[in-house]
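Here's a quick tour for anyone meeting this structure for the first time. Have the sequence and the 3D view open as you read.

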There are 2 protein chains.
Amino acid sequence: MATISDVAAMAGVSTATVSRALNGKSTVDPELVARVVAAADDLGYRPNGPARSLRKQETAVLALIISDVENPFFTAMARGVEDVAHAAGYSVVLCNSDDEPDKEREYLDVALQERVAGVLLSPTGRGDSAELLRVHDTPVVAVDRPLPGWGSDAVLVDSRLAAKQATLHLAHQGYRRLGCVTGPSGVPTADERLAGFRDGLRVAKLRSSSALVRRTEFKAAGARRAAHALLTADEPPDGLLVANNSMAIGVLETLADLGLRAGRDVGVVAFDDAPWASLVDPPLSVVAQPAYDVGAVGAQLLLRRIGDENPDGNSSTTTLSAHLVARASTSHT
Amino acid sequence: MATISDVAAMAGVSTATVSRALNGKSTVDPELVARVVAAADDLGYRPNGPARSLRKQETAVLALIISDVENPFFTAMARGVEDVAHAAGYSVVLCNSDDEPDKEREYLDVALQERVAGVLLSPTGRGDSAELLRVHDTPVVAVDRPLPGWGSDAVLVDSRLAAKQATLHLAHQGYRRLGCVTGPSGVPTADERLAGFRDGLRVAKLRSSSALVRRTEFKAAGARRAAHALLTADEPPDGLLVANNSMAIGVLETLADLGLRAGRDVGVVAFDDAPWASLVDPPLSVVAQPAYDVGAVGAQLLLRRIGDENPDGNSSTTTLSAHLVARASTSHT
DNA sequence: TTGTAGGCGTTATCAT
DNA sequence: ATGATAACGCCTACAA
C-alpha cells in the first residue's frame, strides 16, 4: 500500500510537504498542493492510521461497550452515540459484553490497548472496570448505568422513579397482587427498577412479597422461566412489572402458553418502548426511555472530556427521565 | 502510560527481552519472565496497539459494515461474526451505513486507514465500494448481499427462492391479488425478493400488476406510506409480501390504522423472524433467515483469507436457505 | 515556503 | 538466552 514517501517521490517533494499539504497545514504553495493531491489520488494513497496514531498519540475512535446488541434500547443508544461522534469526526467501535464481567473486562483491555480516545461504558456493575479505566486515565462516561465507586461522568435514566410510576399505574388500574421480573442482582438498572417497584407498592399500600419478585438475566429465556414460576404458583400475581424489553418477550410468550391474557388476567408493564409494543395483542404498556438521547448526551460529554477542557473537572451526572405509555395491557376491559 | 521501556527498566532487562517474555516467544529464562511479568503488572503496562500494528503491519480487527443496527437481522448476523471473530482473537468494529453509499464509502475509508485485517460488508449495491477494496487488497467478504462487479467471497441467503415460496404460500391460502412492499431498486436483496415474488405469481398463474408493487427504503416509515397507498387504492391487494422486518412493522401499523386485520382481510408474510413475530395479533407468518449463520460463516471465510492460505484463491459464494414459518397472518380463518 | 531529521512504541534481525 | 539496533509510516520542530 502506498506510503507518504511514495507520494512525495511522485510529486517531487519531501514527505514533510506531502504531510502538510494533505492535512491542510499552514501555507503550502497551491501549485504543490495540487501536485501532491494528484499524486496521492493517483496512488490511491490513504494515510496509515496506526502510524498516525502512534505519532500523534491519539486516535479518533470511541469505544462503546454495551451488554446486548440485540436489545433495541442499546441499539437506539448506539445511534445516538454514532450520530454525535460521527459529526465530530470520530468513529465508534461497538462491543458486546453480554453482561459478563469477563467479556467487559476483555473489551476494555482491547480499547485501552488500541488507545481509543474515550470509552462509553454501560457497566455490568460487578467487576473492577472503574479501576482499570482510572489507572490509564482514559476518559470514560457511564451510560445507562453508573460506574460504581468512581466519579465519572454519567448519563442515566431515572428508572427508579419510572418503575415507581409504572407500579402505581398498575395499582390504579386495579391490580392488587403485583409481581416484578427484573435483572440480576448487582446490575444497577435491575436493582433500581426493583427499588422503584417497592416504592410504588409502599405508596399504593400494597403488600410487598419477595415471593412475587424474580431476578434473572436480562433476556427472554430467563424471563420466560421466571414468569412461568410466578404465574403457576399458588398465589400468582395479577400484575407484573417487567424490567426490560427482551424480558417482556419472554413474559408475553409465557402468558400465551398459559392461556392468560395481558390486561384481563394479568396487568403488564415493561420497560422500553420497542416498535412492536403497540402491535401485540393487547398492545403493551411500557416505560419509554430516551435511549437515543442517552447515547447522544453521553457522546457529547465524552467528546468534551477528550477536548481536554476539563481533564479531571468535576464529574457530572445527567439524569434523563422516562415516561409511561399506557396501553391495553394494563386495562381490565 | 507505561511503555515497554519502563517495564524493561524496572525488570532490569532489555526491551527485546520484555517483548519476548510478554509474547511467549521462544526460550526466555523463566526467572526473567517472572520478573518481567511482575514489573508489567506493577506498572499496569498494556502494549500500545497502534505501535504494534505499525510494526507488525497487521491488526487484529475486523470491520463489519451493515446498513442498519436497529434491524434484528443484522444484529443477529453481528453476533455470528462476533462469536467467530472473538474465538479467533479478533475484535469487531461495527459500522452503520444506513444504506447510504456515501456513509458506506466513508466507513470503508476509515477501515482501510486503520488497516483492519478484513472487512465484512453488506453493500448498498450502488457505489464503487468493490473498486476501493480491490485496490487496497484488503480481504473482504460480502454478507447478505453480493458485491457487484467483483468476485469476492460472499455469504448469501437464497431470498429469491424464499420469496417465491412465500408468494406461493399466499396463493395456496386463497389470496388472489398479491402485492409486494420491497426495498430500493438497486439493493440486491430488495430486487431478488421482488423477482421471487414474480416467480411465485407466475407459477400460481396470478396476474402480475406493477401497481401492486411498492419500493421504498427498508424502514418502517417508508413501508407505512407504501402500505397505505396500496391498501387505499381502487383495487387493493388482498395479500402482501413484505421484504423485511422493519417494513413489517410499518405495514402492520397501517393495517391497524385502516381497521384491517391480517389474515382475514389481507394475508401478510414478511421476511425475518423477529422475536415478537409470534406475539402480534394475529401471529405473523415469516420467512426465517439464518442470520446468525450468515455472520458466522462470513467471518470464517474472512479469517481464512486473512490466514493467507489463499490470497487470491477462487472466490466462493455460499448460499444459505431460508424457510417459511406459517402463522395466522396468512390464514383466512 | 520547503526540506532534514528525530522519535512515537513495538518487534525482528543480528550479534554476542 | 539476551541485548543492541533498525525499521514500520507519520508528524513536527528546527533549519534553511
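Let's start with one cysteine: A:Cys180 has 1% relative accessibility, so it counts as buried. Keep in mind that this is a predicted model. From the cysteines we'll go on to the DNA strands, then the cavities, and finish with some unusual backbone spots.

**Cysteines**

- Across all chains, the disulfide count comes to 0.
- B:Cys95 is in no disulfide, and the nearest cysteine sulfur, the one in A:Cys95, sits 11 Å away. A disulfide needs the two sulfur atoms to be within 2.5 Å.
- B:Cys95 is also buried, because its relative accessibility is 5% and the cut-off for buried is under 20%.

**Around DNA strand C**

- DNA strand C has 27 residues around it, and the closest are A:Thr17, A:Thr27, A:Arg55, B:Ile4 and B:Arg55.
- Which parts of the strand come within 4 Å of the protein? Of those atoms, 67% belong to sugar or phosphate, and the rest belong to bases.
- One contact to look up involves A:Arg55: an N or O atom in its side chain is 2.7 Å from a base nitrogen of DNA strand C.
- Chain B reaches phosphate oxygens of DNA strand C. A polar side-chain atom of B:Asn23 is 3.5 Å from one, and a polar backbone atom of B:Asn48 is 3.1 Å from one.
- In terms of helices, α2 (15-22) and α4 of chain A, along with α2 (15-22) and α4 of chain B, each supply at least two residues of the surface near this strand. The one that gives the most is α4(B), with 4 residues.
- Sorted by class, the surface near DNA strand C has 10 nonpolar, 8 polar and 9 charged residues.

**Around DNA strand D**

- DNA strand D is surrounded by 26 residues, and the closest are A:Ile4, A:Tyr45, A:Arg55, B:Thr17 and B:Thr27.
- For DNA strand D, sugar or phosphate accounts for 67% of the atoms within 4 Å of the protein, with bases making up the rest.
- A phosphate oxygen of DNA strand D is 2.4 Å from an N or O atom in the side chain of B:Thr17. From chain A, a backbone N or O atom of A:Ile4 lies 2.4 Å from a phosphate oxygen of this strand.
- The bases of DNA strand D get a contact too: a backbone N or O atom of A:Ala51 is 3.4 Å from a base nitrogen.
- Which elements give two or more residues to the surface near DNA strand D? They are α2 and α4 of chain A together with α2 and α4 of chain B. The largest share, 4 residues, comes from α4(A).
- The surface near DNA strand D divides into 10 nonpolar, 8 polar and 8 charged residues.

**Cavities**

- How many cavities of 30 Å³ or more turn up in the whole structure? The search finds 5.
- The largest cavity holds about 420 Å³ of space. It is lined by 26 residues, and those closest to its centre are A:Val61, A:Val93, A:Glu114, B:Val61 and B:Val93.
- Both chains build this lining: α4 (49-56), β1 (61-66), β2 (91-96) and α6 (101-113) of chain A and α4 (49-56), β1 (61-66), β2 (91-96) and α6 (101-113) of chain B each supply at least two residues.
- By class, the lining of the largest cavity has 18 nonpolar, 6 polar and 2 charged residues.

**Backbone spots to check**

- As background, most peptide bonds are trans, and most residues other than glycine have a negative phi.
- A:Asp281 and A:Pro282 are joined by a cis peptide bond, with omega about -5°. A:Pro282 lies in the loop between β9 (267-271) and β10 (285-288) of chain A.
- In chain B, a cis peptide bond joins B:Asp281 and B:Pro282, again with omega about -5°. B:Pro282 sits in the loop between β9 (267-271) and β10 (285-288) of chain B.
- A:Asp98 is not a glycine, yet has a positive phi of about 60°. You'll find A:Asp98 in the loop between β2 and α6 of chain A, and at 19% relative accessibility A:Asp98 counts as buried.
- B:Asp272 also has a positive phi, near 80°, in a residue other than glycine. B:Asp272 is in the loop between β9 and β10 of chain B, and with 6% relative accessibility B:Asp272 counts as buried.

Methods. Residues are numbered from 1 along each chain as its sequence is written. Chains are lettered from A and ligands numbered from 1 in the order in which they are written. This is a predicted model: local features need pLDDT of at least 70, side-chain atom pairs count only at pLDDT 80 or more; totals for chains, interfaces and linings use all residues. Side-chain values use heavy atoms; hydrogens and water are left out. On a 1 Å grid over the protein atoms alone, a cavity is a set of points where a 1.4 Å probe fits but cannot get out, and a pocket is an open set with protein on both sides within 12 Å along at least five of seven lines; lining residues have an atom within 4 Å of a point. Grid points are joined across faces, edges and corners, and a volume is the space filled by probe spheres set on the points. Ala, Val, Leu, Ile, Met, Phe, Trp, Tyr, Cys and Pro count as nonpolar, Asp, Glu, Lys and Arg as charged, and the others, Gly among them, as polar. A residue is near a molecule or strand if one of its heavy atoms lies within 4 Å of it. A polar contact is a pair of N or O atoms within 3.5 Å; within protein, one must be able to donate a hydrogen and the other to accept it, and residues adjacent in sequence count only if both atoms are side-chain atoms. Buried means under 20% relative accessible area, exposed over 50%, partly exposed in between (1.4 Å probe, protein chains only).
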